Amino acid sequence: MPKRQNWHIGREMTYPYDAPLPQKQVAYIFDTNKCIECQTCTIACKNGWTSGKGQEIIFWNNVETKPYGSYPMAWDLKLLEKCKPAQWQGGKLKSETIFEDHGLLDPPTGHLPLASDYTSVNLGEDDISGNVGRGEHFDGVHPMWMFYLARICNHCTHPACVAACPRQAVYKREEDGIVLIDQERCRGYQECVEACPYKKIFFNLISRVSEKCIGCFPRVEKGEVALCVEGCIGKIRMQGFLTTQSKPREDNPLDYIIKIRQLALPLYPQFGTEPNVYYIPPIHVPDGFLEQIFGPNVEKAKAMYRNLKEDKQLLGALLLFGASQRMIDKFKVQGDEVIGWDVDGKEVARVPFVEPTVVRDAYDKKFDAYRHNTT
Ligand code: SF4
Ligand code: SF4
Ligand code: SF4
């Protein structure tokens, strides 16, 4: 069986599908500390791509509240129960991925949700991790917690969906690593739905074929970010390309945040698909819970985030989130600003470290009007 190096798990693994790796890999960073679960991303995607028949309960982008939210219902719990607990030794996974500990022709470890599992998209929304006792008040520490986890297809480097499809209808593009389904080839066997550990392939009950997030490829081909990224009100998202064929570049904001500084972490790296949506973990949530979701580097990432004020280069890269509808290929901190350039070398973002304060006179001479501070 082919072997693949998987940097998320610090070792080689078996992967039951032989295909060249992409020249560059589309990737996303979501800062969970900033998400307000407004669902603008969900609606941006839905309006753009999934407003047709049979797509009523299909959300290529969804945002769920952890620890109790999940769409489809219990997608992660069901798989965690099927797998042995993840065991890490430093950055190396000692336990098996979903591709390992199998017979040669067996599909990846997975499960097939029921149609009813997709009907309660926001179940568990805003539920916290426990009960707040009578008379308790906030004293600087949150004893209870929850956080919002925005989810799209991860355009995995070793996709389980591609490996599982008996008709090779699911494929990964060599030019940018986007994973797509050829719906003409799909016969609706749902092997991909069962195999995807993130449950980001959906079976359309009307068209009887599977579908998934298309990574907004028509926009990406023009150098633009996806609809769910552009629409994000909290500016929690950044999209661009990870360097795959050579060393990560210090001036590529995605290489820098993900690979060089490792502030943003993959979702359930123990599954082994090398997902390409990376999350900055929520700093108020206990490490134990986060390590199960984001792997062993959580503590370091949280410490780095808390220290951002002293870390101008990293803070500069983060200031570029939501700053342009173009994907930023290169960035530089210059004085009190950070500048971003697109792949054509055009400046597309310039963000100051400190927003200027403007104090207006109470009397506006131009309009002969008095302005009141209403806050
Ligand atoms: S638009 Fe942004 S802030 Fe709002 S829910 Fe989506 S990811 Fe979170
Ligand atoms: S998240 Fe699922 S659907 Fe998307 S590439 Fe990975 S395995 Fe395939
Ligand atoms: S990348 Fe595009 S298709 Fe995928 S979830 Fe975001 S908006 Fe939807």
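## The hairpins of S15, S16 and S17

Strands S15 and S16 form a hairpin with two residues between them, and Gly335 in the turn has a positive phi of about 60°. The model described here is predicted. S15 covers residues 330–334 and S16 covers residues 337–341. The two strands run antiparallel and are joined by five bridges; in one of these, Gln334 has Glu337 of S16 as its partner.

A hairpin also links S16 to S17, here with five residues between the strands, and Gly345 in the turn has a positive phi of about 85°. The pairing of S16 with S17 is antiparallel and comprises five bridges, with Gly340 standing opposite Ala349 in S17. In a regular strand, side chains alternate between the two faces of the sheet. S16 has a covered face made of Val338 and Gly340, while Glu337, Ile339 and Trp341 make up the uncovered face.

## Helix H10 and Leu320

Helix H10 spans residues 312–319, and its buried residues are Leu314, Gly316, Ala317, Leu318 and Leu319. The cover over these buried residues includes the three strands S15, S16 and S17, together with helix H7 (253–260) and helix H9 (298–306).

Leu320 is among the residues that touch the most other members of the largest nonpolar core, a set of 91 residues; the others in this group are Ile29, Cys161, Cys192, Ala264 and Tyr278. Beyond its neighbours within four places in sequence, Leu320 is in contact with Met238, Pro253, Ile328, Phe331, Val338, Gly340, Ala349 and Val351. Two of these contacts, Val338 and Gly340, form the covered face of S16.

## The four-stranded open sheet

Four strands, in the order S12-S3-S14-S13, form an open sheet with mixed pairing. Its edge strands are S12 (237–243) and S13 (265–266), each of which pairs on one side only. Helix H7 packs on this sheet and touches S3, S12 and S14; the direction of H7 makes about 85° with that of S12.

Within the sheet, S3 (residues 24–31) and S14 (residues 277–280) pair in the parallel sense over four bridges. Asp31 stands opposite Ile280 in S14.

## Strand S4, strand S7 and helix H1

Strand S4 (residues 62–66) is largely enclosed by the rest of the structure, because four of its five residues are buried. S4 pairs with S7 (residues 147–151) in the antiparallel sense over five bridges, and Glu64 has Leu149 of S7 as its bridge partner.

Both strands also meet helix H1: the buried residues of H1 pack against S4, S7 and H6. These buried residues are Cys41, Thr42, Ala44, Cys45 and Lys46.

## Surroundings of the three ligands

Ligand 1 is surrounded by 14 residues, of which Cys35, Cys38, Cys41, Cys232 and Gly234 are the closest. H1 and S7 each supply at least two residues of this shell. By type, the shell around ligand 1 contains 10 nonpolar residues, three polar and one charged.

Around ligand 2 there are also 14 residues, and Cys153, Cys156, Pro159, Cys161 and Cys196 come nearest. This shell divides into nine nonpolar, three polar and two charged residues. Cys161 is also one of the residues with the most contacts to other members of the largest nonpolar core.

For ligand 3, the closest of the 14 surrounding residues are Cys45, Cys213, Cys216, Ala226 and Cys228. The elements that give two or more residues to this shell are H1 (40–49) and H6 (227–230). H1 makes the largest contribution, with four residues. The shell around ligand 3 has 11 nonpolar residues, three polar and no charged.

## Trp88 in strand S5

Trp88 belongs to strand S5 (residues 88–89). Is this residue exposed, partly exposed or buried? Trp88 counts as partly exposed because 17 C-beta neighbours lie inside 10 Å, whereas burial requires 20 or more.

Leaving out residues up to four places away in sequence, Trp88 touches Leu93, Lys94 and Pro296. Trp88 and Gly10 are 78 residues apart in sequence, with a C-alpha to C-alpha separation of 9.7 Å in space.

Note on methods
Residues are numbered from 1 along each chain as its sequence is written. Chains are lettered from A and ligands numbered from 1 in the order in which they are written. This is a predicted model: local features need pLDDT of at least 70, side-chain atom pairs count only at pLDDT 80 or more; totals for chains, interfaces and linings use all residues. A residue is near a molecule or strand if its C-beta atom, placed from the backbone, lies within 6 Å of it. Ala, Val, Leu, Ile, Met, Phe, Trp, Tyr, Cys and Pro count as nonpolar, Asp, Glu, Lys and Arg as charged, and the others, Gly among them, as polar. A residue is buried if 20 or more other C-beta atoms lie within 10 Å of its own, exposed if 12 or fewer, and partly exposed in between; C-beta atoms are placed from the backbone. Two residues are in contact if their C-beta atoms, placed from the backbone, lie within 7 Å. Two strands pair if DSSP finds at least two bridges between them. A nonpolar core is a set of buried Ala, Val, Leu, Ile, Met, Phe, Trp, Tyr and Cys residues joined through C-beta atoms within 7 Å. Axes are lines fitted to C-alpha atoms, for helices over the stretch in contact, and angles run from 0 to 180 degrees between N-to-C directions.
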